[in-house]
Amino acid sequence: MKKHTVVIVEDHTLLSQAIAGVVEGFEHFEVLYLCKNGAELVYNLTNDKPIPEIVLMDVNMPIMNGIETTKWLTDNYPSVNVLALTVEEDENTILKMIRSGAKGYLLKDVDKRTLEKALHKIIETGFYHSHNVTDVLMNSITGKSSLQNNLKEQEIEFLKLLCTESTYREIAQYMKLSPKTIDGYRDSLFIKLDVKNRIGLVLYAVKHKIFIP
């Protein structure tokens, strides 16, 4: 049986080996090799090492971090799916990973079952997110959903601006609207798209190609 291939990019050797051991225990996955940072991954890929289907990517690493590496993969190997596996819960860090092209993220305290589920989702749909994003983000890999067709022009512009590093107040200034109106757009989209936070809105925008990293 052909197994799906994974590369792990993690600067802590023991943790990297432990993650590899977990992934190797999954029936449908195998680990090709381990890298200590993004620079090592770039070196391997540009020197004829096998190209994986999935990269499990840490965020904070020396020399070349996860955000820089994910952007490089998006530009040079767009078929490679990046799944962040990190201790970082900071919203800005997660948003930067998503904008760089990551297909989802997990925290390192995740259980084995969830990790395996995430890997399968990445293979099946090209996208994964945990509890903050519902099935609306998992369906239809290409094309606009009927839900997207119902979005107003200003809601779409708002979603695009959410994918930048602008604050809500800066978005209000750019759109020449009051912060209260922007809060209304945000809360309305939370309900309409069935997500709970800015990360979910950004993931929706990336998934449905409203914003392209």
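Here is a quick briefing on strands, crossovers, a cavity and a few single residues in this structure. Keep in mind that the model is predicted. A good place to start is strand E4 (81–86), where six of the six residues are buried, so the strand is largely enclosed by the rest of the structure. Strand E4 also turns up in the lining of the largest cavity, and Ala 84 is a handy residue to follow, since Ala 84 has a place in that lining and has bridge partners in both E3 and E5.

**Strand E4 and its neighbours**

- Both faces of E4 are covered: Asn 81, Leu 83 and Leu 85 point one way, Val 82, Ala 84 and Thr 86 point the other way, and all of them are buried.
- Strand E3 (54–57) runs parallel to E4, and four bridges join the two.
- Within that pairing, Met 57 sits opposite Ala 84.
- To get from E3 to E4 the chain passes through H3, making a right-handed β-α-β crossover.
- Strand E5 (residues 104–107) pairs with E4 too, again in the parallel sense and over four bridges.
- On the E5 side, Ala 84 has Tyr 105 as its bridge partner.

**Strands E1 and E2**

- Strand E1 (residues 4–9) pairs with strand E2 (residues 29–35) in the parallel sense, with six bridges between them.
- If you want a spot to look at in this pairing, try Ile 8, which stands opposite Leu 34 of E2.
- Helix H1 (residues 13–24) joins E1 and E2 in a β-α-β unit, and the unit is right-handed.
- Gln 17 belongs to helix H1 and counts as partly exposed, at 46% relative accessibility.
- Between Gln 17 and Tyr 33 there are 10.0 Å in space, C-alpha to C-alpha, for a separation of 16 residues in sequence.

**The cavity**

- How many cavities of 30 Å³ or more are there? The count comes to one.
- The volume of the largest cavity is about 40 Å³.
- Its lining is made up of Val 59, Ala 84, Thr 86, Glu 88, Thr 93, Ile 94, Met 97 and Tyr 105.
- Two elements give two or more residues to that lining, strand E4 and helix H4 (91–100).
- Helix H4 gives the most, with three residues.
- Sorted by class, the lining of the largest cavity holds five nonpolar residues, two polar ones and one charged one.
- Two of the lining residues, Ala 84 and Tyr 105, are also bridge partners across E4 and E5.

**Helix H7**

- In helix H7 (residues 153–162), the buried residues are Glu 155, Phe 158, Leu 159, Leu 161 and Leu 162.
- Around the helix axis they cover an arc of only 165 degrees, so they end up on the same side of H7.
- One of them, Phe 158, has a relative accessible area of 0%, so Phe 158 is buried.
- Phe 158 and Tyr 185 are 27 residues apart in sequence, and their C-alpha atoms are 7.8 Å apart in space.

**The loop between E3 and H3**

- What is unusual about the phi of Ile 63? The angle is positive, at about 70 degrees, although Ile 63 is not a glycine.
- Ile 63 sits in the loop that connects strand E3 (54–57) and helix H3 (66–76).
- Is Ile 63 buried or exposed? With a relative accessible area of 72%, Ile 63 is exposed.
- Met 61 also has its place in the loop between E3 and H3, but Met 61 is buried, with a relative accessible area of 9%.
- Met 61 and Ala 39 are 22 residues apart along the chain, with 9.9 Å separating their C-alpha atoms.

**The loop between H8 and H9**

- Lys 176 is another residue other than glycine with a positive phi, near 55 degrees.
- You'll find Lys 176 in the loop between helix H8 (168–175) and helix H9 (179–193).
- Lys 176 counts as exposed, because its relative accessibility of 74% is over the 50% cut-off.

Technical notes
Residues numbered from 1 in each chain as written. Predicted model: local features only at pLDDT ≥ 70, side-chain atom pairs only at ≥ 80, totals over all residues. Heavy atoms only, no water. Pairing = 2+ DSSP bridges. Right-handed = clockwise from strand over helix to strand, strands pointing away. Buried < 20%, exposed > 50% of the residue type's maximum accessible area, 1.4 Å probe, protein only. 1 Å grid on protein atoms, 1.4 Å probe; cavity = no way out; pocket = protein on both sides within 12 Å on 5 of 7 lines; lining within 4 Å. Points joined across faces, edges and corners; volume = space filled by probe spheres on them. Nonpolar A, V, L, I, M, F, W, Y, C, P; charged D, E, K, R; others polar. Arc of directions from axis to C-beta.
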